[in-house]
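Q: Got a minute to go through this one with me? I'd like to start with the basics and then poke at a few spots.

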Amino acid sequence: MAQDTVVPPESTPRALDREDERLAAPPQTLMDGVRASLARARGGDLGVIPVVAGIVVIWTVFQVLNPVFLSSTNLVNLAFDMVPVGMIALGIVWVLLVGQIDLSVGSVSGVSAALMATVLVLDEQPLVLALGASILLGVVVGWAYGQIFNRAGVPSFVISLAGLLAFLGVQLWILRGQNAINLEYDSALVSFAQLWFVPAPLAYVLAVLAAGGLLAVSASRARRRHAAGLSAPSMRYLVTRSVLLLVVLAFVVSYLGRTRGLPWMFVFFVGVVLVMHYVLTRTAFGRSVYAVGGNAEAARRAGINVRRVYTTAFVMCSTLAAVGGVLAASRLAAANQSTGTADVNLNAIAAAVIGGVSLFGGRGTAFAALLGIVVIQSISSGLTLLNLDSSYRFMVTGVVLLLAVALDSVARRSRMASGRA
Amino acid sequence: MSAPVAERATPADAAGPPLLSLQGISKNFGAVAALTDIDLDVRAGEVVAIVGDNGAGKSTLVKVLAGVHPATQGRVLVDGEEVTLGSPVAAQRLGIATVFQDLALCENLDVTANLFLGHEIRPFALDDVAMEVRSWELLKELSARLPQLTLPVASLSGGQRQTVAIARSLLGDPRVIVLDEPTAALGVAQTAEVLNLVERLRERGLGVVMISHNMEDVRAVADRVAVLRLGRNNGEFDAQAASSEEIVAAITGASDNVVSRRSARRSAAAGDATGTPGATGAADAAPTLEKKEEEH
């Protein structure tokens with residue numbers, strides 16, 4: 001042991017936001033980052049830790065039960081299958097963030113699928129028109145929900161519960177008594193949902209772009225913070241993080257590439273997630289969404305048009321549900337009476353909540369939908385591989401949903417206890 | 001806590017028109033006259049405390065000033081010119097910022113986000129860096145100590161939240177700031193923190209209207225004390241010259257009231273009879289009324 005040396009007072013001026021000597025320094029190494037998020041989790045700010053842990057557990061269990069589970073073939077299928085409900089879950093994130101709920105996303109996706117198939121196949125209209133009709137349907141439904149919610153003050157729970165039933169009826173009516181409308185197997189939609197893969201070189205380029213993009217964005221941000229006299233994470237930390245992301249992405253690309261490859265549909269989904277993440281975190285409108293979810297009255301007094309925020313959230317939700325419906329029909333190459341029914345609703349909501357979006361509003365990110373749907377779809381795929389029918393799937397998904405919501409509630413209590421609620 | 005009288009800044013332009021002037025303001029809610037014929041002047045660099053019992057009309061007056069409830073009758077003058085406080089936005093444009101008692105903060109957002117809520121700095125995307133720098137500058141000007149601005153407001157203490165709410169109202173460069181019960185529900189140290197902040201607002205040359213229940217706080221920072229009773233002006237006092245008993249008498253409407261009787265009883269042993277006669281309106285006291293008001 002060296003002799004007791006007194007640490008000399010820091011000679012360099014402290015950053016503007018670190019003048020209080022009680023504060024920890026920003027992360028300098030990857031371990032610092034991990035430690036910081038573990039500390040936040042103990043305070044009830046769980047972040048992505050539970051969902052990542054959940055994925056690890058679920059994948060391990062299913063892999064042990066059936067070695068096919070983590071095969072490249074199955075994971076490619078998983079990447080396809082998660083997109084339709086994932087897209088719906090992305091919409092659910094919007095309504096949950098403003099502290100509302102939409103229980104009718106399944107029915108709306110079913111109507112959207114039926115409408116698209118009817119316009120495309122029965123009426124033989126061009127694809128653009130069919131897609132436009134579906135998306136317009138989503139916009140109109142969300143707008144109507146927003147108006148009823150804002151003007152009549154009906155709880156969104158009730159509005160969407162009514163919508164759940166009503167749109168199921170609309171779906172049957174649009175299908176004109178047919179059980180199913182099949183899409184042409186070689187149409188663009190079906191190919192997109194079943195056959196189109198990113199060529200391997202391009203997939204690696206995308207991985208490099210993603211990691212490089214993360215590094216560029218975070219480094220420029222760190223530089224601006226540094227220039228403004230604020231604390232910033234070290235370059236070493238940022239580079240390590242981006243390299244880690246690159247390694248993970250490259251591994252995913254190469255593993256999926258062993259069989260069919262990276263589906264374009266999955267890339268599309270991730271792209272939508274990224275755009276939504278940008279809107280929610282980097283724009284004034286996104287900030288107002290969180291504000292309304294946290295304290296609508298405070299948001300109103302701050303001059304935010306709260307009604308517009310609610311309406312936009314409902315519109316985004318229904319529209320993404322409509323897109324999800326179209327993708328579901330494309331994946332199946334048919335729109336039928338059961339598209340969007342059964343567990344679609346709850347799977348979408350469960351995905352968002354499992355991913356870390358609070359049911360109490362104002363907390364969560366767009367990535368929640370992506371992470372949550374991986375959990376939900378893994379369970380579904382794993383149980384299917386075990387030749388267990390949907391009765392088990394419903395039961396297991398129900399339990400997982402309950403666990404996720406319970407975790408959210410416990411975390412909320414823990415946040416209150418540690419003063420972060 | 002109370003600062004020496006000598007250090008108090010005197011109103012800068014006592015001769016000119018007051019920054020904000022209410023003349024004959026009345027506000028009726030249906031048959032109920034919440035405010036009747038209220039007069040109030042606020043000058044730059046002056047802290048005016050508004051005191052009154054429950055139901056005296058303090059909150060209604062705040063809402064009139066904030067533009068939430070436009071007055072039924074009367075004139076509002078800013079810099080001697082008549083204006084209409086028709087909406088919260090109009091009041092803010094005229095330089096009147098209001099910090100309500102419930103603070104209206106979003107607990108899930110961090111301090112910077114709350115400060116700039118609704119007025120974010122953004123050419124295109126949000127400029128977090130510029131907002132955080134500006135927040136630190138502002139809080140430093142106010143000598144407010146907040147450890148970190150990236151924590152959600154939920155993790156702040158009551159005094160810190162009050163600081164954030166007041167700092168936010170300053171971002172719009174107001175000239176008059178209305179504080180509704182800024183020290184209610186705060187601990188001793190936090191109250192002192194907020195009172196320091198109020199003094200700093202005065203030093204910046206703002207007109208401060210402070211609604212309060214707490215006589216000690218009022219006497220600690222206010223230059224003038226305006227008393228409301230049953231929706232009417234019931235006397236105006238120099239905060240330093242007037243005794244607490246005088247002010248309490250004006251609040252309750254009687255020199256012989258619960259408060260004075262209590263203090264008389266307590267000091268009876270010392271033979272020091274209190275119960276200074278009230279300045280105004282002492283005569284209209286009906287002992288039955290005060291009892292009712294206390295029950296609110």
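A: Sure. Helices and strands here are DSSP runs, a helix having at least four residues and a strand at least two, numbered from the N terminus. Keep in mind that this is a predicted model.

Q: OK, how many helices and strands does chain B have?
A: Chain B has ten helices and ten strands.

Q: And how much of chain B counts as buried?
A: Chain B has 296 residues, and 52% of them count as buried.

Q: What about the surface, how much area does chain B expose?
A: About 13,000 Å² for chain B, with 51% of that supplied by carbon and sulfur atoms.

Q: What share of the contacts in chain B join residues at least 24 apart?
A: If you take contacts between residues at least 6 apart in sequence, 66% join residues at least 24 apart.

Q: Let's zoom in. Where is B:Gly95?
A: B:Gly95 sits in the loop between helix H2 (88-93) and strand E6 (96-99) of chain B.

Q: Buried or exposed?
A: B:Gly95 has a relative accessible area of 8%. Buried means under 20%, so B:Gly95 counts as buried.

Q: Which residues is B:Gly95 in contact with?
A: Leaving out neighbours within four places in sequence, B:Gly95 contacts B:Pro174, B:Arg175 and B:Val176. B:Val176 is 81 residues away along the chain, yet the C-alpha atoms of B:Gly95 and B:Val176 are separated by 6.2 Å.

Q: Switching to chain A. At what angle do H8 and H9 pack there?
A: Helix H8 (residues 200-227) and helix H9 (residues 235-257) of chain A pack at about 165°, and their axes are 9 Å apart.

Q: Parallel or antiparallel, then?
A: Angles over 145 degrees count as roughly antiparallel, so H8(A) and H9(A) are roughly antiparallel to each other.

Q: Left-handed or right-handed crossing?
A: H8(A) passes H9(A) in a right-handed crossing.

Q: Which residues make the contact?
A: On H8(A) they include A:Ala207, A:Ala211, A:Leu214 and A:Ser218. On H9(A), A:Leu238, A:Arg241, A:Leu245 and A:Leu249 are among them. By type, the residues of this contact divide into 18 nonpolar, three polar and one charged.

Q: Hm, a serine in there. What does A:Ser218 touch?
A: Not counting residues up to four places away in sequence, A:Ser218 touches A:Leu238 and A:Arg241.

Q: And is that serine, A:Ser218, buried or exposed?
A: A:Ser218, which is in helix H8 of chain A, is buried, with a relative accessible area of 11%.

Conventions
Residues are numbered from 1 along each chain as its sequence is written. Chains are lettered from A and ligands numbered from 1 in the order in which they are written. This is a predicted model: local features need pLDDT of at least 70, side-chain atom pairs count only at pLDDT 80 or more; totals for chains, interfaces and linings use all residues. Side-chain values use heavy atoms; hydrogens and water are left out. Axes are lines fitted to C-alpha atoms, for helices over the stretch in contact, and angles run from 0 to 180 degrees between N-to-C directions. Angles under 35 degrees count as roughly parallel, over 145 as roughly antiparallel, 65 to 115 as roughly perpendicular and the rest as oblique. A crossing is left-handed if the near helix is turned anticlockwise from the far one by less than a right angle, and right-handed if clockwise. Contact means heavy atoms within 4.5 Å. Ala, Val, Leu, Ile, Met, Phe, Trp, Tyr, Cys and Pro count as nonpolar, Asp, Glu, Lys and Arg as charged, and the others, Gly among them, as polar. Buried means under 20% relative accessible area, exposed over 50%, partly exposed in between (1.4 Å probe, protein chains only). Accessible areas come from the Shrake-Rupley method with a 1.4 Å probe; for residues, only the protein chains shown count as cover.
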